[in-house]
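These are my notebook entries on one chain, taken in the order in which I looked things up. I began with the overall make-up and then turned to the charged pairs.

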Amino acid sequence: ILGQHIDKYPQYAEFIREANELESLERAEQEKIEQMKESNRRQGVSAPAISEEKMKDWRAPYFEKSGETKQGIKQVIATNEKLQVLFGHLADNSVLGVIDAMSLVQVEP
C-alpha cells in the first residue's frame, strides 16, 4: 500500500526501493532453486567397497615438509574461503594430517 502512495510519503522511498530490490532478489533465487530441482542430476556418488583387511593395513601418505612450509599451508587453508569448504570442519590435527599427505608437484605455467 505504501508503494502505491509513495508520492504522499517521499521519506519512505529508499525503504520501499530496498524492499522491492530484496523481493526481486528472493524471487530470482527461488527461480534458480526451482530450475535446479527440474534439472537432471545424478542421485548420488559411490565408491567400491574396501575390505576390513585393506583398511587395517592402510597408512596415510606422508611427505616430509619443514615446519615453515606446514605453517604456510595451514595459514592458506585457514584464510581461504574456498578451502574452508573442504577443510573448515576438520580439527587441527586432521588438517595437519592432510597437510602431511600433500606433495609438491611442479607444473608449467
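Entry 1, contacts. I counted two residues as in contact when they have heavy atoms within 4.5 Å. On that basis, 44% of the contacts between residues at least 6 apart in sequence join residues at least 24 apart. I note that the model is a predicted one.

Entry 2, elements and surface. I found five helices and zero strands in the chain, which reads α-α-α-α-α from the N terminus on. Of the 109 residues, 6% are buried. I obtained an exposed area of about 10300 Å² for the chain, with carbon and sulfur atoms supplying 54% of it.

Entry 3, salt bridges. I searched the whole structure and found four salt bridges. I followed up three pairs, including those below.

Entry 4, Arg27 and Glu23. I recorded a salt bridge between Arg27 and Glu23, with 3.3 Å between the closest N and O atoms. Both residues belong to helix H1 (residues 13-38), and because they are four residues apart there, about one helical turn separates them. Arg27 is partly exposed at a relative accessible area of 45%, and Glu23 is partly exposed at 44%.

Entry 5, Glu53 and Lys56. I recorded a salt bridge of 3.8 Å, N to O, between these side chains. The two residues lie three apart in helix H2 (residues 52-57), so they too are separated by about one helical turn. Glu53 counts as partly exposed, at 47% relative accessibility. Lys56 reaches 55% and therefore counts as exposed, the cut-off being over 50%.

Entry 6, Lys70 and Asp100. I then asked which parts of the chain the pair of Lys70 and Asp100 ties together. The closest N and O atoms of this salt bridge are 3.1 Å apart. Lys70 lies in helix H3 (residues 67-79) and Asp100 in helix H5, so the pair links parts that are 30 residues apart in sequence. The side chains of Asp100 and Lys70 are also joined by a polar contact of 3.1 Å. Lys70 is partly exposed, with 22% relative accessibility.

Entry 7, surroundings of Asp100. Is Asp100 buried or exposed? I found that Asp100 has a relative accessible area of 16% and is therefore buried, since the cut-off is under 20%. Asp100 sits in helix H5, which spans residues 92-101. Setting aside neighbours within four places in sequence, I listed Pro61, Tyr62, Phe63, Lys65 and Lys70 as the contacts of Asp100.

Conventions:
Residues are numbered from 1 along each chain as its sequence is written. This is a predicted model: local features need pLDDT of at least 70, side-chain atom pairs count only at pLDDT 80 or more; totals for chains, interfaces and linings use all residues. Side-chain values use heavy atoms; hydrogens and water are left out. Buried means under 20% relative accessible area, exposed over 50%, partly exposed in between (1.4 Å probe, protein chains only). Accessible areas come from the Shrake-Rupley method with a 1.4 Å probe; for residues, only the protein chains shown count as cover. A polar contact is a pair of N or O atoms within 3.5 Å; within protein, one must be able to donate a hydrogen and the other to accept it, and residues adjacent in sequence count only if both atoms are side-chain atoms.
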